[in-house]
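Good morning, and thank you for coming. I would like to take you through one structure, beginning with its aromatic rings and ending with its backbone.

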Amino acid sequence: MKAIVVGAGPGGATAARLLAQAGADVRIFEKSAWPREKTCGDGISPLGVRELRRSGLEISGLVHLERALVSTPGGTAFRGGWPAETPWGTTIARREFDAQLVGAAIVAGAEFEHSTPVTNIVVYDDAVSVTVRSGETERTLEADVAIVAEGATGGLAGALNFPKFRSRLVAIRGYAESGNELTPEYGLFYERGLSPGYGWIFPMDAQLANVGICIDERALKRGGGNLRTLLQRWIERSPFVRRILGPQPTLDRVHGGIIPTGRRIRSAPRVFLIGDAAGVADPFTAEGIFEAIHSATLAAEALTGGDFAGAHTRYERSLEVFDRNERTARAMRATFGFAIEPYARRARKDPGFAGRLNTDVFFLKPSFTGFVLNLMRA
């Protein structure tokens, strides 16, 4: 099998590595010069760490985060950890993380070309034709399948008539030097001025933090539409920012981006969308790295399952878990500030409950629906 992978982020690199390990002839094309910076919170959840472990991939340079500090719109804050099977999450700069994933794909046998955008994909009954551009030169390649991991803003999926995303989140982040020694924990702050969104502070080391905010695109437009202004206002007003980073933190390398969520169809015969291109990011937490890696794994499993003709149907069926999570996560995002407050107050006094609350709400997606139902019954 010949496979062409469009994009070298976590999803594209993972799909390429797994397909190459299964014996496929794989080529990755990345539009950016490599290695490249990537606008991201740089956080990998315990689920993402577990997914990396399952695939047998060792990543160096990880900062272990064994708990999270979470605040609610009512001002209650609690700390919670993770269960034994997912004992820690991590942060790592995307420039480093993505480079390691691509390196692993190359070791597995995949070929990699950067600064080479894919400009067109044509699907035939027995092949896909992929046009790539290197400088001023265009060339057309044929393969059995195209894996589209073009991220949130690529145009290939739309050109292939895949449906639009159901909604989009917008996020902006920068890096701040802390006047204090940073505690190795996620900071997730669901404050009133950001609702229905949140701010984050993720330590990259003992002094440097990735700091940002995420909010629904439609809510941002209703509030005036200026993401940088909202970020600055949160930094100036949040007591948690002052407590963690000092009284007047300054952000460098500030960049924003789009996180699309929900796409009704993510594959067709010989074309598979994964990661942000598939809209599988979590609509509540905006987590995308685990979802990119896991959707890539599911695509690779479908393609190496022995029945190539039915691969895209198997892949769509395997994505139903993301669809269920999306529906629940949307409801949670809309009601989180109202529902969570009494449970957050209990979590402040009960560390065991805090761990279960933190794990169910933010990271263990299979139990997400059950947690919401428990909230409704309580």
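Let me begin with Phe202, which is buried, with a relative accessible area of 8%. Please keep in mind throughout that this is a predicted model.

What does Phe202 pair with? A search of the whole structure finds ten aromatic pairs. In one of them, Tyr186 and Phe202 meet edge-to-face, with 5.2 Å from centre to centre and 80 degrees between the planes. The pair links distant parts of the chain, since Tyr186 belongs to strand β14, residues 186–189, and Phe202 to strand β15, residues 198–203, 16 residues apart. Tyr186 is buried as well, because its relative accessible area is 2% and the limit for buried is under 20%.

A second pair also involves strand β14. The ring centres of Phe189 and Trp234 are 6.2 Å apart and their planes stand at 40 degrees, so this pair is tilted. The reasoning rests on the limits: planes under 30 degrees apart would count as stacked and those over 60 as edge-to-face, so an angle in between is called tilted. Phe189 lies in strand β14, whereas Trp234 lies in helix α6, residues 227–237, so the pair ties together parts that are 45 residues apart in sequence. Are these two residues buried or exposed? Phe189 counts as buried at 0% relative accessibility, and Trp234 counts as buried at 5%.

Returning to Tyr186 and Phe202, I would ask you to view them within a wider group. They form one aromatic cluster together with Trp82, Tyr190, Tyr198, Trp200 and Phe284.

Aromatic rings also meet charged groups in this model. Which ring lies under the charged end of Arg253? That ring belongs to Tyr175, and the charged end sits 4.1 Å from its centre. In another case, the charged end of Arg346 sits over the ring of Phe353, 4.0 Å from the ring centre.

I now turn to three individual positions. The first topic is Gly43, found in strand β3, residues 43–44. Leaving out residues up to four places away in sequence, Gly43 touches Thr90, Thr91, Phe202 and Ile289; Phe202 is the residue with which I began. The C-alpha atoms of Gly43 and Gly89 are separated by 7.7 Å, although the two residues are 46 residues apart along the chain.

Next is Thr72, in the loop between β5, residues 68–71, and β6, residues 77–80. Thr72 counts as buried, at 2% relative accessibility. Which side chain does Thr72 join through a polar contact? The partner is the side chain of Glu341, at 2.6 Å. Setting aside neighbours within four places in sequence, Thr72 is in contact with Tyr190, Ile340, Glu341 and Ala344. Tyr190 is also a member of the aromatic cluster.

The remaining position is Ser267, in strand β18, residues 267–268. Ser267 counts as buried, at 5% relative accessibility. The side chain of Ser267 reaches the backbone oxygen of His312 at 3.2 Å. Apart from neighbours within four places in sequence, the contacts of Ser267 are Phe162, Phe272, His312, Tyr315 and Glu316.

Let us consider empty space inside the model. How many cavities of 30 Å³ or more does a search of the whole structure find? The search finds one. The volume of the largest cavity is about 70 Å³. Its lining consists of 14 residues, and those nearest the centre are Gly279, Val280, Phe322, Asp323 and Glu326.

Finally, the backbone. Most residues other than glycine have a negative phi, and most peptide bonds are trans. Against that background, I would point to four places.

Two of them concern proline. A cis peptide bond joins Trp34 and Pro35, with omega about -5 degrees, and Pro35 lies in the loop between β2, residues 25–29, and β3. The peptide bond from Ser195 to Pro196 is also cis, with omega near 0 degrees; Pro196 is placed in the loop between β14 and β15.

The other two concern phi. Ser115 has a positive phi, near 55 degrees, and is found in the loop between β8, residues 111–113, and β9, residues 118–123. Arg270 has a positive phi near 80 degrees and lies in the loop between β18 and β19, residues 271–273. Ser115 is partly exposed, with a relative accessible area of 32%, whereas Arg270 is buried, at 15%.

Thank you for your attention.

Definitions and conventions. Residues numbered from 1 in each chain as written. Heavy atoms only, no water. Phe/Tyr/Trp six-rings, centres within 6.5 Å; stacked < 30°, edge-to-face > 60°. Helix = DSSP H or I, 4+ residues; strand = E, 2+ residues; numbered from the N terminus. Buried < 20%, exposed > 50% of the residue type's maximum accessible area, 1.4 Å probe, protein only. Lys NZ or Arg CZ within 6 Å of the ring centre and 35° of its normal. Polar contact = N/O pair within 3.5 Å; in protein donor to acceptor, adjacent residues only side chain to side chain. Contact = heavy atoms within 4.5 Å. 1 Å grid on protein atoms, 1.4 Å probe; cavity = no way out; pocket = protein on both sides within 12 Å on 5 of 7 lines; lining within 4 Å. Points joined across faces, edges and corners; volume = space filled by probe spheres on them.
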